[in-house]
Amino acid sequence: MESIKGSSPNSPNITATSGTVTSTKQVTRININGVPTDGSIYSVTLNGTLLTPVVAGVGSTSLQIAQALDDIIAAQGVIESAVASGAAAAANIEVTGLTPG
C-alpha cells in the first residue's frame, strides 16, 4: 500500500449559479382507505381544533367520507384548499396551507 503525505483528494469544479428561491406551501394528505362501516366516525384536527366529525351511514364510501370532510375543512377559511379525490374504497384529501413557509 502506498501512502502520499500532504495530498488532498481532487474535487470537481463548482460553479455558482443564480436562481430564484421560492417558499412552498405545506400540503398534507389524508388517506381514507377501505369500506366504511355504518356508524364509523371520521374526524380531522386542524390547527389544534377538532372539527365536526362525519359519521358513515349504510353504503357510505371512502370517497363520500373524504368529500364530506373536505367541505368541513375548507369551511374553516384557514387553508388555501382541501380537495378530495380517489375511488369508493381508497380516497384522499389534499390540504394545502394558506401561506408559504
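**Exercises: a helix, a sheet and a core**

Helix α1 lies across strands β1, β6 and β7, running at about 175° to β6. (Helices, H or I of at least four residues, and strands, E of at least two, are DSSP runs numbered from the N terminus; axes are lines fitted to C-alpha atoms, for helices over the stretch in contact, with angles from 0 to 180 degrees between N-to-C directions.) This is a predicted model, where local features need pLDDT of at least 70, side-chain atom pairs count only at pLDDT 80 or more, and totals for chains, interfaces and linings use all residues. Residues are numbered from 1 along each chain as its sequence is written, and side-chain values use heavy atoms, leaving out hydrogens and water.

**Exercise 1.** Work out the strand order of the open sheet.

*Solution.* Start with β6 and β7: they pair in the antiparallel sense over eight bridges (pairing takes at least two DSSP bridges). A hairpin of two residues joins them, and S85 has N92 in β7 as its bridge partner. Next, β1 pairs with β7, also antiparallel, over seven bridges; here V27 stands opposite T96. Put together, the order is β1-β7-β6. The edge strands are β1 (27–33) and β6, and the twist averages 15° from one strand to the next.

**Exercise 2.** Find which element gives the largest share of the largest nonpolar core.

*Solution.* Such a core joins buried (under 20% relative accessible area, 1.4 Å probe, protein chains only) Ala, Val, Leu, Ile, Met, Phe, Trp, Tyr and Cys residues through side-chain atoms within 4.5 Å. Of its 17 residues, I32, I65, L69, I73 and I93 touch the most other members. Elements giving two or more residues are α1 (62–74), β6 (79–87) and β7 (90–97). The largest share, four residues, comes from α1.

Technical notes
Buried means under 20% relative accessible area, exposed over 50%, partly exposed in between (1.4 Å probe, protein chains only). Contact means heavy atoms within 4.5 Å.
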